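Trainee: I should like to take a close look at a single part of this assembly, namely how two of its chains meet. Please take the question below as the starting point.

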4 protein chains.
Amino acid sequence: MQLGMIGLGRMGAGMVRRLLRGGHQCVVFDLSPDPVRQLTGEGATGTASLEEFVSTLRTPRAAWVMLPAGPPTEQTVMALAGQMGSGDIIIDGGNSYYKDDVRRATAMQGRGIHYVDVGTSGGIWGVERGYCLMIGGERGAVSHLEPIFKTLAPGHGNIPRMPGREQRISTAEEGYLHCGPPGAGHFVKMIHNGIEYGLMQAYAEGFDILRNADSTALHEGHRYDLNVADIAEVWRRGSVIGSWLLDLTAMALAEDPTLSNYTGFVHDSGEGRWTIMAAIEEAVPAEVLSASLYARFRSRQGHTFAEKLLSAMRQRFGGHLEHPS
Amino acid sequence: MQLGMIGLGRMGAGMVRRLLRGGHQCVVFDLSPDPVRQLTGEGATGTASLEEFVSTLRTPRAAWVMLPAGPPTEQTVMALAGQMGSGDIIIDGGNSYYKDDVRRATAMQGRGIHYVDVGTSGGIWGVERGYCLMIGGERGAVSHLEPIFKTLAPGHGNIPRMPGREQRISTAEEGYLHCGPPGAGHFVKMIHNGIEYGLMQAYAEGFDILRNADSTALHEGHRYDLNVADIAEVWRRGSVIGSWLLDLTAMALAEDPTLSNYTGFVHDSGEGRWTIMAAIEEAVPAEVLSASLYARFRSRQGHTFAEKLLSAMRQRFGGHLEHPS
Amino acid sequence: MQLGMIGLGRMGAGMVRRLLRGGHQCVVFDLSPDPVRQLTGEGATGTASLEEFVSTLRTPRAAWVMLPAGPPTEQTVMALAGQMGSGDIIIDGGNSYYKDDVRRATAMQGRGIHYVDVGTSGGIWGVERGYCLMIGGERGAVSHLEPIFKTLAPGHGNIPRMPGREQRISTAEEGYLHCGPPGAGHFVKMIHNGIEYGLMQAYAEGFDILRNADSTALHEGHRYDLNVADIAEVWRRGSVIGSWLLDLTAMALAEDPTLSNYTGFVHDSGEGRWTIMAAIEEAVPAEVLSASLYARFRSRQGHTFAEKLLSAMRQRFGGHLEHPS
Amino acid sequence: MQLGMIGLGRMGAGMVRRLLRGGHQCVVFDLSPDPVRQLTGEGATGTASLEEFVSTLRTPRAAWVMLPAGPPTEQTVMALAGQMGSGDIIIDGGNSYYKDDVRRATAMQGRGIHYVDVGTSGGIWGVERGYCLMIGGERGAVSHLEPIFKTLAPGHGNIPRMPGREQRISTAEEGYLHCGPPGAGHFVKMIHNGIEYGLMQAYAEGFDILRNADSTALHEGHRYDLNVADIAEVWRRGSVIGSWLLDLTAMALAEDPTLSNYTGFVHDSGEGRWTIMAAIEEAVPAEVLSASLYARFRSRQGHTFAEKLLSAMRQRFGGHLEHPS
């Protein structure tokens with residue numbers, strides 16, 4: 001079927017390529033002409049403006065927005081909505097906050113435009129591996145887009161059917177899932193990323209302890225000089241903690257077990273933060289997910305004001321001086 | 001080659017079966033005669049006492065102890081050592097504390113007995129899937145046992161070689177690894193389990209937030225009734241958080257998305273605790289791994305004394321009364 | 001001076017009493033006639049409706065709302081605003097979310113009504129001890145109310161001036177502080193309560209470890225049967241951790257060291273949650289404050305879904321069964 | 001009475017001064033001759049060697065060791081024990097691990113020497129304010145030393161008796177407490193310091209959020225430029241979170257609200273670590289106390305290996321680059 005794609009960065013371009021290979025037609029647009037030209041060369045229909053993009057799409061139009069969350073997505077979705085009409089579908093495939101989805105979907109409902117939110121996981125590997133899709137929106141619009149979802153998702157692949165699922169037929173086994181009404185897709189994706197932070201931090205702490213097992217702070221007989229690259233590799237083979245993130249860890253450590261090319265300044269995207277806010281709204285304890293987020297906050301500072309205050313208190317009551325060495 | 005196995009529980013018996021299938025000879029012993037009889041029927045050589053077990057083994061003897069950590073392992077290893085001689089090898093395949101390994105290895109060194117510690121992951125699936133083996137001990141003894149390790153481990157299987165490992169030939173790719181001197185195997189296994197706790201808790205918190213997304217505490221438009229079984233399934237397909245633990249989660253939720261058969265009383269084994277102690281000795285922050293451990297401690301109590309004290313303080317300063325409803 | 005007070009619960013009534021004793025005139029109103037009658041008997045001017053309340057106040061009117069945060073405060077403040085005029089002052093002395101203050105202050109600005117937010121600490125002790133007041137609003141309105149703040153606050157009392165403050169004259173030393181524009185008072189009070197949660201949890205965990213020092217899980221020679229009431233008391237005398245919360249702890253433990261009258265079901269008010277949200281917006285790590293909040297969430301559940309999922313995973317990979325005993 | 005003091009650093013010298021003022025006789029020794037000379041000038045009896053120290057003490061001797069925990073204390077206590085005899089008392093007033101106390105007390109028991117462990121809080125303020133003393137040891141030896149404890153402790157002072165304590169006469173009200181058998185004093189002091197870490201971290205996080213309330217990351221209308229010095233001061237007056245640590249905080253912030261003289265490199269002593277180990281041995285959740293310790297670990301590193309691994313994983317799955325600005 002035909003799909004319009006706005007935003008041809010790593011993710012958007014990868015999805016267009018996967019769709020073209022899957023036999024779909026793609027109308028594409030980006031503020032930068034380069035990726036438009038590039039994808040046109042690969043079989044997509046390039047357009048030079050939002051107006052041209054909209055008018056090139058056949059009705060009912062389906063336009064997928066793949067832009068950074070926040071103002072870029074908000075402005076583009078709203079501009080699109082202004083040019084589209086009843087029966088058309090706008091898909092937000094970025095990392096939007098689910099409450100923004102709810103607001104936008106409600107705003108468009110009156111004009112008959114369908115709003116579908118799709119949380120997408122898979123990163124730069126998705127073009128080959130397929131994208132895991134978490135979808136929110138009205139059933140009709142979601143059904144209409146099913147051929148697109150089926151192509152983008154990984155499909156069954158060689159992952160065996162889970163025992164107990166025989167009676168539970170669901171597209172989940174093909175890698176895409178209609179999770180619920182508007183916002184549900186991004187809600188599930190938000191939690192996905194919250195979990196991702198927690199998993200990453202668990203591995204990170206574990207490898208940090210392994211790495212420091214040669215510390216002279218330890219009793220000599222209990223000190224080990226461990227090969228973290230080989231340990232990551234062996235854990236991929238039959239251990240309980242095997243995962244795709246461990247695969248990537250093993251890959252990075254195989255290249256350089258000291259990770260000396262990284263400073264350790266770690267960004268966070270909105271989803272980790274929103275996950276904690278959701279936990280708090282629901283009164284669900286989320287100790288590990290919060291700690292993972294805070295570790296990233298802390299990684300981006302030289303020293304916190306909190307730490308300075310600890311030093312100041314220690315000096316006041318104990319006369320303790322800092323001596324950072 | 002020939003291997004003696006003491007302790008024929010789920011793990012020990014599974015390992016014997018995998019070794020027999022791999023063409024090895026197994027001499028087996030257990031305090032309970034049933035599993036001895038059972039495995040004898042499957043091709044192992046059963047013995048009825050520790051003495052018979054030792055005398056049945058050919059020198060240099062290799063005896064694998066697969067018992068609960070603590071007194072059972074300690075007593076058996078020591079009893080074995082008393083009956084073995086120079087050149088013999090005792091393997092502790094359980095979940096011992098690595099400092100106990102160091103002590104035992106040192107104690108046996110004077111008598112020429114080799115002590116090898118093997119951390120084993122894979123659980124009840126290992127007999128088919130292979131066991132991930134983390135090994136500590138002297139190089140000579142570990143090399144001698146290599147045929148055993150090769151059979152127990154999963155081997156390359158269909159997991160593709162990691163880019164960047166071409167020049168880094170290691171048995172890690174076959175699922176077993178000599179990590180270092182005595183204790184190093186169990187040290188690495190300890191951290192493995194520490195990470196396991198963290199991963200499990202990250203998934204658990206995430207699914208808890210999903211599950212409670214229908215809470216009436218939430219604004220109606222932001223409330224979702226999510227299918228956690230399908231969400232676990234879809235995440236197995238192309239998402240960043242795919243893992244073996246997620247596979248097991250999906251399996252459990254497919255069977256019963258409410259998990260109503262579980263109370264949520266969660267045990268912890270020693271490794272999670274020892275991991276935190278190692279982190280503290282090394283001065284490595286291990287927020288997520290600690291929080292995971294504490295969540296288990298908390299799960300086993302009705303209410304903590306800490307919580308009662310919070311209630312008491314609240315009442316004293318604010319006149320707040322508890323009303324648990 | 002004259003002040004109107006709406007909301008005559010524990011806090012509101014206590015404040016009226018302290019103001020009356022300080023020579024101020026109080027016009028009072030509450031939905032329930034009992035406290036109105038009671039305070040009228042103590043010298044206040046009782047009123048029977050919001051209309052009467054407003055018309056009894058002399059212009060420029062000053063009306064203090066002391067109601068639960070959320071709908072009760074919102075509705076009352078808005079109803080008051082509808083009946084007041086340019087130059088009048090509405091004070092929200094409850095525990096409102098500071099973003100609500102900003103919104104309300106902006107809404108009233110056009111009509112010339114001043115909005116002042118006052119975070120109040122001191123609990124049921126404040127009537128004798130004085131209330132610590134954190135104030136937000138325009139300078140003019142705040143200055144106008146200064147006689148009221150001075151009476152409600154504890155004053156210098158016998159707390160000696162802090163060395164270094166000689167040149168830093170501030171009403172902070174008298175127990176009230178104009179913190180900034182609208183919302184600033186409740187912002188500071190919010191953080192105050194966030195810290196309060198953290199302090200309480202620190203004591204609670206420490207006493208829990210003391211209480212369990214007699215656990216049979218410990219080696220016999222390292223087991224202690226400690227008198228937690230006496231320990232709380234001795235810590236009040238010259239130790240680094242002396243505090244008012246410790247005083248209350250000592251009081252509670254002196255009465256019953258087992259705290260058997262409390263179940264340990266611990267509520268949380270909004271401020272603890274909002275503190276975490278502010279930390280996240282600012283990207284400030286707030287590990288301890290979050291953990292304190294989560295401990296309260298956890299205290300209100302039998303078992304979490306998270307814990308059930310941990311049990312389920314453990315059973316799947318290790319065949320581990322729960323046995324809660 | 002007469003007391004010997006070994007170790008004349010800030011704490012030891014302060015205690016000698018307080019004892020001299022209280023009319024006691026002090027025999028003093030230190031490896032450095034300066035403080036010995038100094039205190040001799042103030043009325044103490046100086047000695048030039050451990051031998052002279054011991055022989056100057058009248059039997060039954062009472063020798064207080066006030067040295068850093070670990071080797072300095074261990075060696076001195078053991079050397080002392082070698083020169084002392086039945087009925088003599090050795091007091092360890094430092095910050096020893098309670099398990100070391102148990103070991104030493106047991107070792108000396110056979111020779112009739114009494115071992116008393118005293119956890120001491122109060123820091124550099126103790127000489128004026130009095131020291132809070134937590135005492136472990138046999139009842140007889142502890143009773144013998146009571147005149148010393150009474151002088152060192154703050155006494156009742158102007159702190160009113162706690163309601164409910166009328167029937168519960170205890171020296172706790174005077175600031176010293178016999179907590180239990182050997183090790184109990186240092187056990188209680190250990191938890192005291194664990195709590196101290198938690199309290200400090202709670203204030204530190206709260207002030208960090210206040211300090212960053214002017215962050216441009218916030219919506220303009222929700223941004224505040226707060227005076228943290230005045231806020232600390234106002235909280236000392238009638239608020240729920242008043243404490244001695246808050247007094248010190250207010251003092252430090254009054255001097256310099258930016259704390260620019262501190263880097264924020266925060267040390268930790270053993271007690272914080274041992275507290276966590278005790279919590280783990282008892283299976284008590286200690287989330288806040290652990291987080292406080294980890295914040296200190298983290299403060300002493302540029303970047304952790306954990307953070308580098310997070311960066312590496314992010315790059316592998318998302319192509320995300322670090323850009324620390």
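Trainee: Which residue of chain A comes closest to the rotation axis, judged by its C-alpha?

Mentor: The model is predicted, so local features require pLDDT of at least 70 and side-chain atom pairs count only at pLDDT 80 or more, whereas totals for chains, interfaces and linings use all residues. Residues are numbered from 1 along each chain as its sequence is written, chains are lettered from A and ligands numbered from 1 in the order in which they are written, and side-chain values use heavy atoms, with hydrogens and water left out.

The residue is Ser243(A), whose C-alpha lies 1.9 Å from the axis. That axis belongs to a rotation of 180° with 0.0 Å of shift along it, which superposes chain A on chain B with an RMSD of 0.0 Å; the fit is by least squares on the C-alpha atoms of residues with pLDDT of at least 70 in both copies. The copies meet through the same surface, because 100% of the interface residues of chain A are also interface residues in chain B.

To this contact (heavy atoms within 4.5 Å), chain A and chain B each give 91 residues. Together they bury about 7600 Å², 69% of it on carbon and sulfur atoms; buried area is the accessible area (1.4 Å probe) lost when two parts are put together, summed over both. Between chain A and chain B there are zero salt bridges, defined as a side-chain nitrogen of Lys or Arg within 4 Å of a carboxyl oxygen of Asp or Glu. There are, however, 22 residue pairs in polar contact, both residues at pLDDT 80 or more. A polar contact is a pair of N or O atoms within 3.5 Å; within protein, one must be able to donate a hydrogen and the other to accept it, and residues adjacent in sequence count only if both atoms are side-chain atoms.

Among the elements giving two or more residues to the side of chain A that touches chain B are α5 (98-109), β7 (132-136), α9 (184-211) and α11 (244-255) of chain A. α9(A) gives the most to that side, with 17 residues. Helices (H or I, at least four residues) and strands (E, at least two) are DSSP runs, numbered from the N terminus.

Chains C and D show a comparable arrangement: a turn of 180° and a shift of 0.0 Å along the axis lay chain D on chain C with an RMSD of 0.0 Å. The two copies are thus related as by a two-fold rotation axis, and in chain D the C-alpha nearest the axis, at 1.9 Å, is that of Ser243(D).
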